[in-house]
Structure formats: C-alpha cells, structure tokens
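Subject: Structure handover

Hello,

Here is the structure you asked to look over. My notes follow below it.

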Amino acid sequence: MGVVRMCVGCRQREATSSLLRCVVEGVRVVPDVSRTIPGRGAWVHPQQRCVTAALKREAFPRALKRSRGLDVSTIEAFFTKENRLNG
Ligand SMILES: [Zn+2]
C-alpha cells in the first residue's frame, strides 16, 4: 500500500497516493501537487468535504505546527476551482 498518512479532514488513514499534500509557504497553506516541497506537510483527501472539515477544525495549523496566522485562502480557492471543474 506504500506510505500511509492521516487525512486532516476525516482523520482516516490513506495511502499518500490518494491524498493531497499541503505545505506552508510563508504564512500561506498551499497544495504541493508535485510533493516535492520540503518541510512538514498536512495530508487531506482531495475532496471538498474533507477540506471543509479540516478548515473547520483548524487542522491545517495543527498539522503544520503553526498556531496562528495561517492563510488558508489558497487551499479554499484550489478546491472551489476543482469543484467547478468537476461540477
Ligand atoms: Zn478525508
């Protein structure tokens, strides 16, 4: 199954190949689609509901060890866009 990580949204364990890696750049949480950005990552299912749940629980700052001031608008916009494309 390869490397397994917990989704910060639904907290189920999943192969990293099925999850989106998110990292911090400055104060911004950004998707690491290529999975090459060094540093701590937060993993989430690439689904609106998992991202929404993660944002609601402030799981990104917790997973990324940043207590405050994280800008999650890039992640929100990323999934809004994906949703539009799929819908
Ligand atoms: Zn999930």
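Which residues line the largest pocket? They are M6, V8, R11, R40, G41, A42, W43, R57, A59, R62 and A63. A pocket here is an open set of points, on a 1 Å grid over the protein atoms alone, where a 1.4 Å probe fits, with protein on both sides within 12 Å along at least five of seven lines; lining residues have an atom within 4 Å of a point. The space in this pocket comes to about 190 Å³, a volume being the space filled by probe spheres set on the points, which are joined across faces, edges and corners. Both β5 (42–44) and α2 (59–63) give two or more residues to the lining, and α2 gives the most, with three. Helices (H or I, at least four residues) and strands (E, at least two) are DSSP runs numbered from the N terminus.

On provenance: this is a predicted model, in which local features need pLDDT of at least 70 and side-chain atom pairs count only at pLDDT 80 or more, while totals for chains, interfaces and linings use all residues. Residues are numbered from 1 along each chain as its sequence is written, and side-chain values use heavy atoms, with hydrogens and water left out.

Zinc site. The protein donors are C7 (SG), C10 (SG), H45 (ND1) and C50 (SG), at 2.0 to 2.4 Å from the ion. Donors are N, O and S atoms within 2.8 Å of the metal (3.2 Å for Na, K and Ca); water is not among the atoms, so sites may look incomplete. The angles between the four donor atoms run from 102 to 116 degrees, so the arrangement is tetrahedral (four donors, all angles between 85 and 135 degrees). The sequence spacing of the donor residues is C-x2-C-x34-H-x4-C. C7, in the loop between β1 (4–6) and β2 (13–15), and C50, in helix α1 (residues 48–56), are 43 residues apart. Both C7 and C50 are buried (under 20% relative accessible area; exposed is over 50%, partly exposed in between; 1.4 Å probe, protein chains only).

Core. The largest nonpolar core has 19 residues, and V8, C22, V29, V44, F60 and I75 have the most contacts inside it. Such a core is a set of buried Ala, Val, Leu, Ile, Met, Phe, Trp, Tyr and Cys residues joined through side-chain atoms within 4.5 Å.

Backbone. Two residues other than glycine have positive phi: R35, near 60 degrees, and E58, about 55 degrees. R35 is partly exposed because its relative accessibility is 38%, whereas E58, at 54%, counts as exposed.

Regards

Methods:
Four donors count as tetrahedral if all angles lie between 85 and 135 degrees; four count as square planar and six as octahedral if opposite donors are over 155 degrees apart and all others between 65 and 115; anything else is irregular.
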